[in-house]
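Biologist: Thanks for sitting down with me. Could we go through this model together, one topic at a time?

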Amino acid sequence: MRILSIDIGGTHLKSAIINSRGQLVADKVAVKTPSPCPPRALLAALTKLVEPLPPHDRIAVGFPGVVRGDRVLTAPNLGSKPWRNYPLASALTKHLGGRALLLNDAEMQGLAVIKGKGLELVLTLGTGAGTGLFRDGEIMPHLELAHHPIHNGKTYDEYIGDAALKKIGRKSWNKRVKKIIPILHTLLNYDHLFIGGGNSENLDFRLPRGVSRVSNIAGLEGAAALWRMALRGKTGAF
């Protein structure tokens, strides 16, 4: 397989061609996410972004919101209204060629890093705070923890998202991230927590046992695992 992997973020769009083992065939490419970013603007930006990449025969997309099947249900950091019920996978197949699979971006990253044993949680720190939950390697129904209140009425997105980092500074932001790790454990009793996303590079404290930081490139590498699952018919959770 030669998979066109696309990682859609509130700040950047990233893409690469990967093989069936999740290895990059060519260097990734990236561009800033259009603002505003309705479907037409995203499709135009992605079409231009992937032009220099080698040929592909499949597509996999990590999207920052709730997705179901080939459709987007919510897109908090892109503007949900024009995205509601939008058939993004079908649109990408039409514009870029090759059957496309669609998955939440945190779950896509998780597929590249989980061990497949027990309850594993992925937390992505970027424009917002994304989460993906896995049990024994299987994707669990998506929970929008990012929009659940965590402190003084602030959601996870507002509490540890990129806007909070810029507003309160790295030191105070790290205190907040450190605070929510045991809260997430109390909530879910995870066996392991993986922390990724672009802002994970700003973490400056020692992570507790059972918590590890992962490379942001995993958001692209997970496309191979998604396609392996699809070919085995294990697509029930998404």
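Biologist: Which residues touch the most other members of the largest nonpolar core?

Modeller: Happy to start there, with the reminder that this is a predicted model. The largest nonpolar core holds 29 residues, and β1 (3-8), β2 (12-18), α1 (39-49), β4 (58-63), α3 (88-96) and β7 (99-104) each supply at least two residues of this core. The members that touch the most others are Ile 8, Phe 63 and Leu 88.

Biologist: Leaving aside neighbours within four places in sequence, what is Phe 63 in contact with?

Modeller: Two of its partners, Ile 8 and Leu 88, are also among the core members that touch the most others. Beyond that pair, Phe 63 meets Val 72, Thr 74, Ala 75, Leu 78 and Trp 83. The list is completed by Leu 102, Leu 103, Asn 104 and Asp 105.

Biologist: How many residues are in the second, separate core?

Modeller: In soluble globular proteins, nonpolar side chains tend to be buried together. Here a second core stands separate from the one around Phe 63, and its members include Tyr 159, Leu 165, Leu 184 and Tyr 190. Its number of residues is 25.

Biologist: Which residues lie nearest the centre of the largest pocket?

Modeller: That pocket has a volume of about 550 Å³, and 34 residues line it. Elements giving two or more residues to the lining are β1, β2, α4 (105-113), β8 (119-125) and β9 (129-135). By class, the lining has seven nonpolar, 21 polar and six charged residues. Nearest the centre are Gly 9, Gly 10, Asp 105, Gly 126 and Thr 127.

Biologist: Is Asp 162, which forms a salt bridge with Lys 166, buried or exposed?

Modeller: The closest N and O atoms of Asp 162 and Lys 166 are 3.0 Å apart. The two residues are separated by about one helical turn because they sit four residues apart in helix α6 (residues 162-168). Lys 166 is exposed, with a relative accessible area of 67%. Asp 162 has a relative accessible area of 17%, under the 20% cut-off, so Asp 162 counts as buried.

Biologist: And how far apart are the closest N and O atoms in the salt bridge of Asp 57 with Arg 58?

Modeller: By the rule used here, the count of salt bridges comes to four, and this pair is one of them. Asp 57 is partly exposed at 40% relative accessibility, as is Arg 58 at 22%. Their closest N and O atoms are separated by 3.4 Å.

How values were computed. Residues numbered from 1 in each chain as written. Predicted model: local features only at pLDDT ≥ 70, side-chain atom pairs only at ≥ 80, totals over all residues. Heavy atoms only, no water. 1 Å grid on protein atoms, 1.4 Å probe; cavity = no way out; pocket = protein on both sides within 12 Å on 5 of 7 lines; lining within 4 Å. Points joined across faces, edges and corners; volume = space filled by probe spheres on them. Nonpolar A, V, L, I, M, F, W, Y, C, P; charged D, E, K, R; others polar. Core = buried A, V, L, I, M, F, W, Y, C linked by side-chain atoms within 4.5 Å. Buried < 20%, exposed > 50% of the residue type's maximum accessible area, 1.4 Å probe, protein only. Contact = heavy atoms within 4.5 Å. Salt bridge = Lys/Arg side-chain N within 4 Å of Asp/Glu carboxyl O.
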